Every structure is written in structure tokens, then in C-alpha cells.
Amino acid sequence: MHSELQAQLAFHLTGVWSAGRPEASDALELRPALLAAYRNLSRLRYDFPLVLARNAPHGGAVQSLSGLMDRAIEDAAPRDGEGERIRGHVLRMEQAIRALVAAGGGGSLATLWDTAAGRLESSGEDLLADSLSRARAALKADGEVLDCGKAMPARLFEHAWRTVQESKARRFREDIDRLILRLSDILAAGLALSEEGRSPERLRAEVGAAHREAFDFEAMSRLLAGSLPKGTLPESRRRRIASLVSVLESQRFFPAPGERAGGVEPYAFVFESCAAALRAFRERRPAMIALAQAVAVARLEVENEYVESKHDAFFEEFGENVLGPKGVTLFPDYLVRIGAADMQAAGHAGLMEALGAGLPLKVLAQTDDILDESPVRDGQLAFGARSRQLAAMAIALSEVYVLQSSASNLFQLRERILRGLEYPGPALFSVFSGAGGACGELAPYLVAAAAMESRAFPAFSYDPSAGEDWASRFSLENNPRADLDWPVHAIAYEDDEHQRISEELAFTLVDFVGCDRRYAKHFATIPRAMWNERMIAVPEYLVRETKGPPEKVPCLPLVGRDGTLHRAIVGEKLIREARRCREAWRSLQELAGIHNSHAERLLARERKAWEEQRTAHAAAALGPQPAAEAPAPAAAPGVPAQAEPEEERPRDEPYIETPRCTSCNECTQINDKMFVYDSNKQASIGDPDAGTYRQLVEAAESCQVSIIHPGRPRNPAEPGLDELIKRAEPFL
Amino acid sequence: MTITAPECLLRLYEEHPDLEDYQGGAPRWCAGCGDNAILAAVQRLCRDEALRPEKTAFISGIGCSSRFPHYMKTYGFHGIHGRALPVAEGVRMARPDLHVFVSTGDGDCCSIGAGHWIHAVRYNMNMTVFLHDNHVYGLTKKQASPTSPRGLRTNTTPRGAYLEALNPLTVTLGVQNASFVAQAVDWIPEILYSIVSAAFHHKGFSFVRILQRCPKFLPDLFDPWLHDPQKVLVLTHDNGLQLSPGLAKVHKNRREHDPADLDRAREIASGADPIPVGILYRNPGVPCYEDLRRSGKLRTGAFVRAGLEAELDKFTIWPQGHA
Ligand SMILES: Cc1ncc(C[n+]2csc(CCOP(=O)(O)OP(=O)(O)O)c2C)c(N)n1
Ligand code: SF4
Ligand code: SF4
């Protein structure tokens, strides 16, 4: 026994069996116990396959088959016995479609439904056809059905990208169409007012055929031409507007739906390399500037705000500025789909440069295998380092939207994907498909899910538009039990005495690697007879401090195809890698504010201070009470604003209380030199000598708001002064 | 608009219009007519807001006051008696980019146009409406109007008007969806301007009743109020009217009134002496009909033609055999 323990320890530390034990045979198809339940995925209901819904409202572009079926059941099946029957049939249909897709069948939901219906109905089961036709009528969406496989992420992203671009295009087109219409209206109005527009031929064309004979168009034309209005359309403006219309109509960025705008081929925006996308972007830049300029000028034109003397020079010299970074975001984004594994160092650098420059790229970098050999072959395993680096570097650029996720989780993250595609700036989506590697018959969905569970490829997003700080921008939200080092699952099995045992088991990196045949040599299955208490589960082992030679050996529970439980000792290299993986995960947690060390320190300090304060208060409460503070004297009751002393005006001079003038024209009609309006059309004394004292007094009398003060007579020789002075008395 | 050409660069060239830029023909109103004061206040508003003449439309019915559009150098429509509001609604619907103003008299609005008035309040379309209330038909030379005070002698009521006057403020405040109701008097220009401006800035149907002197036919009617500031109750509030220190010295009869308070507004509106002046009610939350009904569809020539054809087809008598 002792030597067996030695051998186990030795294997753990060195990866070699001293006694030359045969490796676990593949025939057993051992699989980490936590994955044992998922041998046949097509019998489960889960997020996949997806339906890429056509013409769906925003947010509904990506649906899960199960979700769609559930909604169809809800709408088509009443809550009674009949409903139960329909429900059962629809669930069978779902399973049939799942099986078709798993067997490689593709196409739209409608065609798959038909195929599956044909098969199910051939059984001749009662009312099956009725159930299915009712459910089918209640189906809310149709579109390509897509299973979780190697091609899925690229298809999914292209579909989501298209949805986003379509709504962008719709908005842009609406603007452009409105501008074209308004510009055309200006041209048409200009023509109608022009000499040509008033020619007999035009006039004849504008009157319907029925009454043509009743008019003398020559005479009409002569009459109208004689009264040509001044404000006709100047030739330079007419030419400018005509050229705007032509630029707007021939743009290739947002083709009119269903037609090729003006016969020109619309640009393509999907690329398989960054370099190609960048080349296209640079080539199209002049056209973008021209279009943005045309839109800007057109906006000014339709508002009648284009001032040639000023704007001509502006557009000539600074016109490029019209296409600021914000302007660029109004144009379509470039979707670039690349395989992260194929990217060389230069490609990497190019990608980062393009993202850093804020170009409108939406990059999907797909990794199929994160357990491939480390690029630095120094015996380190360094799983997923390359693809993880990609996302980390992009986050460091700080203005890039970044999302990392396993393919299995993309459906859950669909909102975030759409947000990233809508983000006004570059975005990087790093996705692990689960479709590479050497995991045997394990479905890519499971491999991808296991990568995420094991923290080998965690899901996170970084959205610079969500706020100023990391707390608003960064999220780990979709990882299972993001608060823990490893997610924990329940596992139940039967022991030798046929007793049901259930326990909680953490899913670690070792479980994930345990699925991949390339790493089989890091595991040694131990016959049941050799099991002993020094063998402990990996998670337990991982939390132990290891000083000096280990006393325990880490082992992983495995389950064979026949359902029997096995245990394998895990090599030290893998354990080391699992620890590294945990460290990386913990840094992510800190970024997301989970167990954030700074926050925890601060909290501890504050708590201490608070407790000290509380103790001090408690002590003080026992001492003499401080006298209640006397209430502050109430503010003195509003002292009425000191009435300013009436401004002393020389009563000899005539004056008007202008701000009170009602612009009534009474005084100005008496003498419009003596009484003049200011820029607000309110009266004041203009030239007091421009009229007589009599006029001043009459104005004062006729001013209904009594604001004209005539002063003293200026010309002592004016006749009838005595009487006038008396009349002026009330107005002085 | 989604295109964001750097606005600041493009709109560098602001214009600073003068009052003259909005002055159309010389007013033919009688000297001393309160309509002159309203015209001056509105022209000041246009200048201060730098409204583009081609983006502004003045609509009216028939009456002395309805000559208003002629005196504005903007778009205008001197309409038919009582129908200023439906015309203005049509303009708003077809050209939501225009600033729409309506001038209507007490005969025009409260008599022949009363039906339109009630529904226009309820439709709450974004426009600024001035009720030039001189308590009489001016243009047709002194007949009683619905707002003529009881006992007023006119050509149609030589023994004095028999009925109590209709109160346009309480009527408007009683209609569903009322969103802005204010009262001004033509003889206090500062307050008139402030209210005209507040009405313009309110999005919705802004109803401003302006007590307007008709010196030609009712020369003394408003004299008691004209000569005694105490007979004008000025409604002030942080969200309403505020007086300049100079005016505050003259108008000591003031009351704080929150324009959000509909019940209080109705109570104040029902008083006629002293005359309440200020913003009685304002509710920016009432939706505008044109917003509820905007289709977003571009009205291209083809679209309009197709709509017209479809409409006319309903009345067309087709030869036999036509589908
Ligand atoms: C359908 C119709 N009925 C009657 C008239 C005659 N009419 C012209 S103006 C007017 C009343 C004007 O009074 P008001 O609206 O108070 O305007 P004011 O002249 O006082 O400013 C009337 C009855 C008309 N023009 N059209
Ligand atoms: S009469 Fe009086 S109110 Fe009329 S314009 Fe002259 S100063 Fe102004
Ligand atoms: S009749 Fe009366 S309302 Fe008409 S213009 Fe003369 S004063 Fe003004």
C-alpha cells in the first residue's frame, strides 16, 4: 500500500508512473463527472438551436428555438386537456427539429418544421396535424435555424450586424429622402417662378386637358411675366441644389431598399480581414466626406441658411471636418470576421491599431481551440492565453467595446452583442466556439460551456458608453456564480451499498481539460481498490497551501459510458495551470467589483472608525446632556424693498415713460418727429422743437396710459400758452 | 436628423434681426387701438427669438384684430370669419416645422368660431393663440360680442346687453387637455411681452386672452383699470410671471400663483375685477395632436397625388363594368 501511495504522489509530481501502469483505456470514454449527464444534447431543452429571425423587431433578431416554441404553445394551447395535447405535440416537434439540426440539417424554421411534420405525421397519430397547424400559426418568427457549432458565431454576428445596420440605414435614408424632397421642392418652386415656368407652354401643361381651350396662355404668360417676383431662385443656388440632389441620389452607402440607388452598386461591408476592411474604408473616405458635406449643405439649404459668402469658403477649406468621429458613426460599420488562431503577430498589431484609431470596425475574433499548445513552449500550458490577451488588450484601448464569451453563452448575451454592434465606435467580440480541440464526441456547445464554467474562457463585457467608471462599464454578469472561484454543482451517485450520495462539487479548469484527449497523460485513473483517504478532490486541493512535499494527491471524479464512477489523479502541471487560471479570474472579479481589494480595505477601515465612534458616543451618552441648542432667530420678516426715491426729473423738459408705452400710434400720428419709436417700438421724445407745445399737450391728453409729460413751453411766443399750461398741469 | 455636421461650425453665422425685419404694411388700426400694442409685443418676440420669417406663419379670421398677418413680414393667412383655428391646425399638420401664431377677435373666436375653439383646445396643437378681446365687434362697427359686459350699449343692444359676458378663460380651462392659459392687458407692455414669450415657449396650444382697448367704439370701457394699478391683480410665481423692480413698484396688487394648480387657476379666472393678469395654467405634459398623428411618411408629390386620387375615386361614378 505504501508503495501505491508513493506511486500516486510521484505521478502527481512528475507525470510518470514509476511502476509502468497502463493508461486508462479510451473504451471507457471517461468524462468528468459533472459533464456525465449531457451525453445526448438533442434530448435536452436549452438555448440552441437559435433562430435568426427575419424582419424581427429590434431585440427579437435572435431567438431560441425553445423560446419560440414556448410562446407558440402559450398562444395556441388553451389551459385545459386540449392544451396539454397541443403542448405535448409541439414539444415533440421541437425535439424532432433539434434532431434534424443535430444531424446536420439546415435551413429555415419553416422548412425544418415541414420536414419534421412530415415525419411525425406519418405515425398517423390522432390530432397531431391539428396541434401542429395551430402551433405553426402561432409561431412568431421565421428564419435560419442555427446549431452551436463552428460556423455559428460568424452567422450569428452577421445576422445581428445586419439588423443593426438596417435600422441605421432606415434612419439615414429617411433623412436623405426628406432632404431630396425638400431640395426638389425648392427647385420646383424656383422653376415655377422663373420666366421659363411662366412660358405659355408651361402654363398650358399645368392646366388640365379638359379646359385647355378656355385659356389664352400667351396672354396669361405676358401678364404673369410682368409681375415676376423679386425673390426668384438665383442660378448659383439652383446649380448647387441640383448637384446636392445628384450626390444624395447616387450615394452607395445606404442603398434604397429593393433597388440599386440610381443603378450604382452598393458598397459591401463584410470582410474577412482587418487589412481588407481598412483598405475599403480608406478608399471610400472621399465619398463619405462628399456625402456628409452634401447632407450638411442640404440641411442648410432647406433651412434657407446657406450663405454663399461664408459657407462656400468654409466647405472648401474645412469641409473634411464635417466628417468628425461622430459623423463616421452614421455610416455603416465594417464587420470583420477573423480566426484568432490564424492571426500572426503582425495581424494582432494591425487589429489593435485599427481599433485604437476608433475606426468603425466590428471585429469578431473566433477561437476554436483554447487548449492548444502555448506559443511559448517552455513546458507551460498557458491555456487560451492568446485569445484572452486579445480582449484584454482591446479593453486597454479604453474606447473599444469589448465582449468575450463562449459560443454557448451568446444567446444569453444577445442584448450585449446588439449593444456592441450599435456602439458608436470600434468593437471587439472574442468568441470561443468549442468546435476545435480534441474533445471526442462532446458537442461544441458543451465544450464551450465547460470552458466558461471552468473560468478558462470567462464571459465579460466592457462598454465605454455605459458610464465613466469601471463599475458601470465592466460586467462579469453572465458567468455562473461570479462571486466564487469556481461554480459549484450538485452531483449524486450510488455508493457500494447502493446508498444515494449527493455532494457539491466545484467545476474547475481541471474538469475542462479532463475532456480533451490531448491531455490524457496528465491523468491517471486509479482502480477502486487503490482509492485512499489521501486522495482529495481538486477544488479542495487547490485551496491548500503547499509548503514542502504534498501529503495529499488531487483527484478528479470521472464517469464512464456505463455510468460507473472512476477517479483519476491529476498531474501537478495541470494543478499549477488551474491556480493560474484562478488568479486570472480573480483579477477579473476585482475589475467587476467582486471581492475588490481596495473596496474591502476601505470598508474595513470605515467599519473600524464607525465602531470606535459608536463606543465613544455610548460613553458620552452616560455623561451630562449638552444643553439643547437655541433655535436660530427667524429671519426678519420681509422688509419691503426700499422704495427708491422717485427719480427727480427736470419738470421743464418734456419726457415719456417709454417702458410703459403701448405703441398705440396716438402721439406719433400727432407729430412723428417730436414723438419717435425706439427699437422696441416704444415712444420717446425725439426732437422737442420739431413741433409746438400744443402738440405736446394734446399728445399727453390723448395718451391713454398717461405717460407723456409735456414739461414747460419752450417757445414763450407760442399763442394760447396760458390755456395750454393749465391743460398740461395734470401731466407734469 | 442623424447627420451631425459640427453644428457650431456651420451655424456660425447667426443673424440678428431688427424689429423692422418683421414689420409688414403700416397698420390701419385706429390710433390708440390696443391691437398696436399686441403687434409691437409680437414683433419684439420674433426679433428676440430671431424667428425666421419663412418659418413663421400668422393665421387669423375676420375682424379688426384679424388684420394682424398683414402687418407681419412673415407668412400669413387672413382667413374666414371664425375659422382661424382650423386653418392653423392644418398648417401645423402639414408643416410642423413652422411657428404658428393665431390672432382672433372675441367675435371671431367666441361667437362664430366657438365650436372650433373648444376643439382646438382639446387637440392641443402647438401654436400660440392671441384672443384680442375688445368686448365688441370692431370691424363691423360696434355690435355686441359674447364678451360684452351686461348693460353695454351697442348697435345690436341699444338698451344695453342683456346677458352676462362669457368668460373665455374659464371656458378654456374647462376643456379637456387645456395646457396653457394666460391673461394680459394691452396697456402694460412689459407684462404683455412676458406672457407672449411664455406662451411662445410652451409646447402645445397656448391660449392668451388679451384685454384690448377699442378707443373707437368703447373709449372709456377700460378706464378704471387703466388708471388704477390696484385694479389689476398680477399673478407672479417662480414658474410664472416675474415683474421688473420698476413695475413691481407700480403694481403692488400681486398674488403668488403656481401655474400647475388647475383648481386655483379656475378660481382666479372667474374673477373679473380686479383683472387677473399672468399665467393661470400651464401643463407641459399634455401631448400634441400633431405628434400623436405624425405618420413619418414623406409627403412626396406621388404620395400626395395617390392620396388625392383615392379620395376622389370614392366619389367617382364609374362607367358600367368598371371594377
Ligand atoms: C361668415 C361671416 N359672418 C359675418 C361676418 C361679418 N363680420 C366681420 S368681422 C365680424 C366680427 C368681428 O368682431 P371680432 O371678432 O371681435 O373682431 P374685432 O373687429 O373686434 O377685432 C363680423 C360679424 C363675416 N365677415 N363673415
Ligand atoms: S400715445 Fe402714449 S402709449 Fe401711445 S404711442 Fe404715444 S406714448 Fe405710447
Ligand atoms: S375699431 Fe376698435 S378694434 Fe378696430 S381698429 Fe379701431 S380701435 Fe381697434
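**Ligand 1 and the domains of chain A**

In this predicted model, 16 residues surround ligand 1, the closest being B:C64, B:S65, B:G107, B:D108 and B:V136 (a residue is near if one of its heavy atoms lies within 4 Å). Residues are numbered from 1 along each chain as its sequence is written, while chains are lettered from A and ligands numbered from 1 in the order in which they are written. Local features need pLDDT of at least 70, side-chain atom pairs count only at pLDDT 80 or more, totals for chains, interfaces and linings use all residues, and side-chain values use heavy atoms, with hydrogens and water left out.

Oxygen atoms of ligand 1 pick up polar contacts (pairs of N or O atoms within 3.5 Å). A polar backbone atom of B:C64 sits 2.7 Å from one such oxygen atom. On the side-chain side, B:S65 places a polar atom 2.8 Å from a ligand oxygen, and B:D106 does so at 3.0 Å. Of the 590 Å² of accessible area that ligand 1 has on its own, the protein covers 73% (Shrake-Rupley method, 1.4 Å probe). Helix 4 of chain B gives the most to the shell, with 4 residues (helices are DSSP runs of H or I, at least four residues).

Turning to chain A, domain 1 (2-39 + 509-591) and domain 3 (329-475) come from the domain assignment, which is automatic or from a database. Here 24 residues of domain 1 of chain A are in contact with 28 residues of domain 3 of chain A (heavy atoms within 4.5 Å). Together these two domains bury about 2,400 Å², 65% of it on carbon and sulfur atoms (buried area is the accessible area, 1.4 Å probe, that two parts lose on being put together, summed over both).

Definitions and conventions:
Polar contact = N/O pair within 3.5 Å; in protein donor to acceptor, adjacent residues only side chain to side chain. Helix = DSSP H or I, 4+ residues; strand = E, 2+ residues; numbered from the N terminus.
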